[in-house]
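The report below goes through one assembly of protein chains and the ligand bound to it. It begins with the surroundings of the ligand and then turns to the way the chains are arranged.

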Amino acid sequence: MPRVVVDVMLKPEILDPQGQAVANALPRLGVNDVASVRIGRRIEIDFTGEPDLDRAREIADKLLANPVIEDFTVRLVETDETVDAHS
Amino acid sequence: MPRVVVDVMLKPEILDPQGQAVANALPRLGVNDVASVRIGRRIEIDFTGEPDLDRAREIADKLLANPVIEDFTVRLVETDETVDAHS
Amino acid sequence: MTARVGVVTFPGSLDDGDAARAVRIAGAEPVRLWHGDPQLYGVDAVVLPGGFSYGDYLRCGAIARFAPVMETIVDAARGGMPLLGICNGFQILCEAHLLPGALTRNQHLHFRNRDQILRVESVDTAWTNAFQPGQEVLIPVKNGEGCYVADPATLDQLEAEGRVVARYLGGNPNGSQRDIGAITNQAGNVVGIMPHPEHAVEALTGPSLDGLGFFTSVLKHLVGAPA
Amino acid sequence: MTTHPDPAVRETPGAFPAAPAQPRAATVVPQAAPVDDWALGVDTVSRAAGTPEELQPYAELGLRDDEYDRIRHILGRRPTQAELAMYSIMWSEHCSYKSSKVHLRQFGEKAPPSDRLLAGIGENAGVVQVSDELAVTFKVESHNHPSFVEPYQGAATGVGGIVRDILAMGARPVAVMDPLRFGAADHPDTARVLPGVVAGVGGYGNCLGLPNIGGEVVFDPCYQGNPLVNALCLGVLPVNRLQKKEAAGPGNVVVLMGAKTGRDGIGGVSVLASATFDEGSEQRRPSVQVGDPFTEKLLIEACLELYDAELVVGIQDLGGAGLTCALTETAAAAGTGMRVWLERVPLREPSMEPHEILASESQERMLLVVAPDRLEAVLKTAEKWGVLATPIGEVTPPAPDGRPGRLLITWRDQVVVDVPPGSLVDDGPVYARPMREPADLILLQADRAETLPRPNNPEALRETVLRMIASPNLADKTWVTEQYDRYVLGNTVLAQPEDSGVIRIDERTGLGVALSVDGNGRYARLDPYHGTKLALAEAYRNVAVTGAKPIAVTNCLNFGSPEDPGVMWQFAEAVRGLADGCAELGIPVTGGNVSFYNQTGAAAIHPTPVVGVLGVLDNVADRVSMGFVPRPAGDHDQLF
Ligand SMILES: Nc1ncnc2c1ncn2[C@@H]1O[C@H](COP(=O)(O)OP(=O)(O)O)[C@@H](O)[C@H]1O
């Protein structure tokens, strides 16, 4: 059964201290060619029946993202493309 | 320029209190057909030059994910597919 | 008649008992309200206390906003009822769009607890009329997501309308834009504050008694308010 | 140096108390079932009876040959897989205190008489009466190994565990403290462990709304591969709200309340995967316990409401040994039996097997014993607070001849466990392990401070002062302590950087308690007997200088492997020192925790007894703080 994935990221103009902390730590790992790192949330939703994208969009808009500071996208993903399928 | 996206999710057997809290809140929004919600992180990495997947994998393994409790995937995404492109 | 001030308990509220104590010390009657019960039991004002409502797992305050009691509170606040959100309460007020902007992760990424000096900049609100303009107060701050952000236009508007209620002095504890520690709505009845005035109401347990002013203010406001 | 008081101490082959083998219960008549190759998917009691020769991985589970034989003797057959898991857990060092028991007895034997003690050693936590109406309970526990593997979750669940211990006594948890030990401050692994541990202690405690009122941060290379994360919790209860763990009253319902059960921390028993299991073994990896402080907060509020309404007969928290420990301890304490339908346990992963459910260390769970006519009210309260509560079994009567009842557990109508609960709890092995003063001790002791060069000119003095100032062990601890909420609950009278935390416990009268935890591994390494006494004396002094009267002691004994005679000697000396010190000071040890196997390879940590002392202040307004406080009257007396 496909799964709905909602990606929520801070708007580009909002400072992301976590992403910055990671970016600042990279040179210590010998990584010098990263321009920027942004950290957001990935939310995987399994529906009991058919996955419902509109429903998911509504949930995202009301609850999962805060429109003042965040943008989101909603998409369907086959279960074998999910993170646990290939780790 | 394509961007590298690292998705980090808790391993399936690990308790996800965040996802559970969201799932429990949904009925109050009138949503009753969601079976489960899992919440992880989405990390967007922009390289100064060509995106380097191997490099990204190394960063993910060392810094972005906690291998004791998390799995991750690394992939290339065209910038117009990113979250801020269509919100 | 003593004023009745409601204090809401959400699952995960932590400073609800302290807020009720502060209300009592200020001379009002605290009335405990429950997140799942939309009734306000005729209270004259409401405090949304600090804590981690619903674990604060998604975003602080995001889930609490949908509690049944919030619907009634939002309506009452739009009608002019004084409403104070402390810390998590402030986050809930922003999530509920009663106040503009949002509270995000502290810039230094740590939870931080310290005694903080604030300058009270607006004394025209229901919760700060007992202070002198510009008065400096010492109040504990303790949060992990207390960094206030809003777009520049909103920030300019807040400043222009005198709605920045308090600013951090002597070091910004969380990276808040323009050192903002507390704001109010246009009507001045709804105030969100990140530091914890309810922890500065007793000499024995707090760094000062400065927090008491927020609670005595609302009593003053209620007496002066048209019935 | 001192030797053990008992000259006959040796590795005891007959480590078991002379408990008679229990005859099989009449409830289950195991038939010599055909060897059915797991036809039922699980190892049942009748299958176990029919396959006496089946090899079992008891050694991998940490059981010795004689321990396994003993289990067979008790049951009159081989244990089922689930039973084997249960015995291996309950007879582990961690649960059975098999190496420390013989020493810890001194705490009881040497303790001064106390009429304040409402519950002592052996309970989840000691309870001390502090006024006509109020009692307090406190205990310190370790979560060292999990915190090394996953610092944030290890430390967080350490706090969660000790809080549930306090809750189980009927108390509202009101404060925490965290004695911590790390490797060298500049070691890269300390940079991984320390921030994670501090964030975990803070994250869990802050989210529960418990003020953190003190602790320790000590750096020493001996803790490099084995940091110590000890957590203390203080609770307050009305005297008449004291809870019991006894599963009394046949017919009463056994209710599991709190989080769903997952494969958390089942590492120990993962060798028991059933023979039918072949696919997805990847997913059976033992997993790290993840804490959910929000659920714990709801659990606290729900439990307190149940206590106040007098809705529970008995209660026990689920800690390290999960359901196994809670079921057997509650039944054994009452002498009753218990009947449990294991498939009723709400699972996070439906594929879990009986032995995994019994061994799971999933956090935020409590076991309640409830009279049938109160069940509905209990479930309602749980629902009000949004926590799961599920009846999973019932209390059964003792045997007609008065002997204790049996614990009978079924899984989808198959009997998978049928044991005398006391055999797991009380009849475990007890060892008087060999002890020997470490060979290097004489040399260590000979190398006295007097032999160190003294700064004898201003330049050397300056250099010494600078070195001391730069020492991480003397540095300001604000980076740590400001990540902890000290104000929540509004009763914190003293906290960091004071020597003791002071908490007001009665707003009307000003009654309060002072608490300090202290330990010094270096002193204890040099002389475990006096080092431990010094830790006690320091905590005692810290409490006394606030103006409080010290009345009770808790302790967490962090040591290397008990199988190392040198470590065992250190342990015995430390216990003797603490027991003697307490006798001299006239205050009892009310509880504590032993953490063995703190070592990397053959190198043990310094013996690190951490001692907590609790004192009473009739009025917290009279406390004396550390700083100079100008008084209106103008007297500036200060205690040091
Ligand atoms: N891990 C910790 N958690 C909470 N408080 C701590 C911790 N470590 C140190 N503290 C507190 O910081 C203060 C200073 O600690 P320390 O320098 O060890 O004091 P001292 O040397 O006087 O014992 C004390 O109040 C102590 O309780």
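## The ligand and its shell

A residue is taken to be near the ligand if one of its heavy atoms lies within 4 Å of it. The model discussed here is a predicted one, and in it 14 residues surround the ligand, among which D:D178, D:G215, D:K477, D:P497 and D:E498 come nearest. Sorted by character, the residues of this shell comprise 4 nonpolar, 5 polar and 5 charged ones.

Two strands of chain D, β4 (172–182) and β5 (212–219), each contribute at least two residues to the shell around the ligand. The largest share is that of β5(D), from which 5 residues of the shell come.

## Polar contacts of the ligand

Backbone atoms of chain D take part in several polar contacts with the ligand. An oxygen atom of the ligand lies 2.4 Å from a backbone N or O atom of D:E498, and for D:P497 the distance between a backbone N or O atom and an oxygen atom of the ligand is 3.4 Å. A nitrogen atom of the ligand is also involved, being placed 3.3 Å from a polar backbone atom of D:E216. Of the 550 Å² of accessible area that the ligand has on its own, the protein covers 76%.

## Backbone features in two loops

D:P497, one of the residues that come nearest to the ligand, is joined to D:Q496 by a cis peptide bond, with omega at about 5 degrees. This proline is situated in the loop that runs between β14 (492–494) and β15 (501–504) of chain D.

A further backbone feature is found in chain C, where C:D56 has a positive phi of about 50 degrees although this residue is not a glycine. C:D56 belongs to the loop between β3 (45–48) and α2 (68–78) of chain C.

## Chains A and B

A turn of 180 degrees, with a shift of 0.0 Å along the axis, lays chain B on chain A with an RMSD of 0.3 Å. This is the relation of a two-fold axis. Among the residues of chain B, the one that comes closest to the rotation axis is B:R41, whose C-alpha is 2.2 Å from it.

Of the interface residues of chain B, 92% are interface residues in chain A as well, so the copies meet through the same surface. Chains A and B also have the most contacts among the 5 pairs of chains that touch.

## Chains C and D, and a pair that does not touch

Between chains C and D, 27 residues of chain C are in contact with 29 residues of chain D. The area buried between these two chains is about 2300 Å², and carbon and sulfur atoms give 55% of it. Within the area that chain C buries against chain D, C:L14, C:N113 and C:L204 supply 27%, which is more than any other three residues.

Chain A and chain D, by contrast, do not touch, and their nearest C-alpha atoms are 10 Å apart.

Note on methods. Residues are numbered from 1 along each chain as its sequence is written. Chains are lettered from A and ligands numbered from 1 in the order in which they are written. This is a predicted model: local features need pLDDT of at least 70, side-chain atom pairs count only at pLDDT 80 or more; totals for chains, interfaces and linings use all residues. Side-chain values use heavy atoms; hydrogens and water are left out. Copies are superposed by least squares on the C-alpha atoms of residues with pLDDT of at least 70 in both. Contact means heavy atoms within 4.5 Å. A polar contact is a pair of N or O atoms within 3.5 Å; within protein, one must be able to donate a hydrogen and the other to accept it, and residues adjacent in sequence count only if both atoms are side-chain atoms. Accessible areas come from the Shrake-Rupley method with a 1.4 Å probe; for residues, only the protein chains shown count as cover. Helices (H or I, at least four residues) and strands (E, at least two) are DSSP runs, numbered from the N terminus. Ala, Val, Leu, Ile, Met, Phe, Trp, Tyr, Cys and Pro count as nonpolar, Asp, Glu, Lys and Arg as charged, and the others, Gly among them, as polar. Buried area is the accessible area (1.4 Å probe) that two parts lose on being put together, summed over both.
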